[in-house]
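Ready for a few warm-up exercises? Have a look at the model below, try each task yourself, then read the solution.

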Amino acid sequence: MNERKFNQQNLRAYLLGELPEAEAERFDELSFTENEFAEALGEAENDLVDAYVGDGLSGAKLERFKAHYLASPLRREKVEFAKNFRTYAEKHNAPEIFKTSASEVKTEPGEAGFFAGVFSNLRLLQLGFATAALALMVTGGWLFVENSRLRNRFDESLAQQAELERREKRLRDEIAAQSNASAEKEAELARIREELARVEKEREQQRQITEREQQQKETLAKRQPIETPRLTAAPRAAFFALAPPLRGGGSLPTISVPANADTVTIRLELEPNDFTRYRVALKTQTGERILWRSGSLRAQTTGENKILNVSFPARLLRVQTYSLEVSGIGAGGKPEIVSDYFFRNVR
Amino acid sequence: MQNVEQKKKRTLNAEAFRRFLGWLGDDADADSRSENYLEMRRRLVAYFDRKNCLQPDELADETLNRVARRLDEEGDIESETPAKYCYIVARFVFLESLRGTEKKNVPLDEISRAKSGNLAIAEAKEEEIKEKMLDCLEHCTNQLEAINREIITRYYYGEERIKIENRRRLAEGLGITVNALSIRACRIRDKLEICVKKCVGKK
């Protein structure tokens with residue numbers, strides 16, 4: 001279809017029987033012959049029904065919906081489905097879903113401070129260009145995790161705001177229904193509105209802070225990568241990034257985990273594959289011992305690349321070579337080895 | 001006239017039906033052919049329903065039967081596309097049904113009398129259906145693939161700008177456009193709706 005012959009407005013008018021006959025017949029035909037139209041019509045119908053169920057229709061549109069759309073038993077069934085689906089979705093508290101990705105990227109309050117120590121040591125050791133490149137990767141990993149943490153905080157406040165908005169709407173409806181609404185409810189509504197305004201303000205502030213921090217970090221990382229995260233909090237987590245292993249060898253990546261780190265988080269850049277869930281095992285170089293296994297992990301997509309963040313206790317690592325074995329989880333839940341990331345801990 | 005009626009009532013044999021499926025879409029595998037047939041039937045039912053026909057399912061089947069019979073008799077049908085031909089036949093079936101309905105019109109006051117007498121029963125039944133439907137929704141949602149379950153629950157979450165922002169982020173996370181996401185969500189919802197309908201019917 002070269003040019004679009006319809007829009008949301010006339011699709012809705014068609015569903016409500018408001019189009020002139022000739023136009024309606026043209027749409028009748030398109031509903032058979034054009035898949036794009038059939039799909040758009042299905043979406044428009046769902047939106048219309050959802051608007052009715054969510055009290056989003058009023059005046060003439062509402063009257064028209066009741067008189068025309070609800071005249072058919074099949075369409076009434078559709079409305080019933082939408083009502084129940086709404087109840088179901090509300091029951092299965094959607095804000096929880098926002099939090100799923102947060103559990104996969106663990107961060108510690110003092111994570112940034114670790115870098116001050118690590119990088120000053122690196123400077124002292126004068127490891128040269130190769131180390132600087134590694135540090136750049138680490139900085140990238142740190143920025144990524146930091147960004148995820150701020151993003152999750154943003155998500156939570158978004159979910160909190162949604163919940164408050166729902167409560168506000170419910171109370172507003174109750175008050176409208178009962179003309180003698182109690183002063184207590186009015187007060188609660190006022191409180192919720194205040195809280196809503198506060199959450200909105202906080203979210204805006206958080207957004208601004210995130211943007212500012214992101215800009216600062218990016219600028220610093222470009223200008224002076226080795227000195228970037230010079231923060232003062234006590235170090236607890238160490239962050240590294242590992243690129244996909246090169247075929248035919250290449251130099252072994254090294255990491256340096258400080259003595260006071262509790263957790264090691266490694267960002268693995270995956271080679272292209274079709275899996276969406278993964279498991280990771282930390283093994284000794286020869287593979288004879290498995291030191292740690294992850295649960296099911298979901299990769300994050302950045303552009304065309306997939307990223308997997310794994311965190312394990314720092315105490316598992318000695319000065320030796322390890323591998324992180326990544327397996328994709330297939331449809332039947334059967335794991336399939338995707339790649340091995342070898343690295344050496346030098347401290 | 002009798003000849004025409006006999007023709008209408010003649011049932012299709014397996015070979016004729018197979019030929020009809022092949023004509024409807026040139027997909028090689030049987031699953032795709034069946035899917036094409038079901039999709040055409042869904043479109044026909046929706047068409048007759050939008051026309052406020054009382055029995056959209058029966059009219060959809062009548063349309064498909066007529067097309068299949070014509071194909072069986074003539075070996076081929078010349079038309080731009082099978083979908084367009086089905087639409088043309090559906091239009092005829094619709095116009096015929098209008099003439100039939102005019103003869104069977106029931107006075108409105110009779111309908112309202114019948115309705116008011118059953119109001120209490122209908123309300124109790126409605127409550128029962130609602131409970132069944134919620135159970136079925138749970139059951140059918142659990143049968144979806146995990147990713148589709150997540151999409152459908154997240155896609156319809158929130159109101160207005162929360163919903164818009166949520167959809168934008170969901171699309172971003174999946175690496176697809178918002179438009180592609182809405183098509184995908186619509187398909188999952190249709191699937192869910194069909195499953196719930198079947199499930200409620202069984203209970």
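**Exercise 1. Find how strand S7 of chain A is joined to strand S8 of chain A, and in which sense the two run.**

Keep in mind that this is a predicted model. Start at residues 305-313 of chain A, which form S8(A). Three bridges link this strand to S7(A), and the two run antiparallel. To see one pair of residues, go to A:Thr302: across from it, in S8(A), sits A:Asn305.

**Exercise 2. Work out the strand order of the open sheet in chain A, and name its edge strands.**

Let's go pair by pair. S1(A) pairs with S3(A) through six bridges, in the parallel sense. For an example, take A:Phe239, whose bridge partner in S3(A) is A:Thr265. Next, S3(A) pairs with S8(A) through eight bridges, this time in the antiparallel sense. Here you can spot A:Glu269 opposite A:Ile307 of S8(A). Add the antiparallel link between S7(A) and S8(A), and you can read off the order S1-S3-S8-S7, with mixed pairing over the four strands. The edges are S1(A), residues 237-242, and S7(A), residues 300-302, since each pairs on one side only. From one strand to the next, the twist averages 25°.

**Exercise 3. Decide whether strand S3 of chain A is largely enclosed or not.**

Look along residues 263-270 of chain A and check the eight residues there: six are buried. So S3(A) is largely enclosed by the rest of the structure.

**Exercise 4. Describe how helices H3 and H4 of chain B pack.**

First find the helices: H3(B) covers residues 30-50 and H4(B) covers residues 56-74. Their axes lie 8 Å apart, at an angle of about 130°. Angles over 145 degrees would count as roughly antiparallel, and 65 to 115 as roughly perpendicular; H3(B) and H4(B) are therefore oblique to each other. The crossing is right-handed. As for who meets whom, the H3(B) side includes B:Leu44, B:Val45 and B:Phe48, while the H4(B) side includes B:Leu59, B:Ala60 and B:Leu64.

**Exercise 5. Which residues touch the most other members of the largest nonpolar core?**

That core has 32 residues, and the answer is B:Leu137 and B:Val196. Both chains supply elements that give two or more residues, including H2 and H5 of chain A and H7 and H10 of chain B. H10(B) gives the largest share, six residues. Now zoom in on B:Leu137: beyond its neighbours within four places in sequence, its contacts are A:Asn84, A:Phe85, A:Tyr88 and B:Val196. A separate second core holds 25 residues, among them A:Val264 and A:Tyr322.

Conventions:
Residues are numbered from 1 along each chain as its sequence is written. Chains are lettered from A and ligands numbered from 1 in the order in which they are written. This is a predicted model: local features need pLDDT of at least 70, side-chain atom pairs count only at pLDDT 80 or more; totals for chains, interfaces and linings use all residues. A nonpolar core is a set of buried Ala, Val, Leu, Ile, Met, Phe, Trp, Tyr and Cys residues joined through C-beta atoms within 7 Å. A residue is buried if 20 or more other C-beta atoms lie within 10 Å of its own, exposed if 12 or fewer, and partly exposed in between; C-beta atoms are placed from the backbone. Two residues are in contact if their C-beta atoms, placed from the backbone, lie within 7 Å. Two strands pair if DSSP finds at least two bridges between them. Axes are lines fitted to C-alpha atoms, for helices over the stretch in contact, and angles run from 0 to 180 degrees between N-to-C directions. Angles under 35 degrees count as roughly parallel, over 145 as roughly antiparallel, 65 to 115 as roughly perpendicular and the rest as oblique. A crossing is left-handed if the near helix is turned anticlockwise from the far one by less than a right angle, and right-handed if clockwise.
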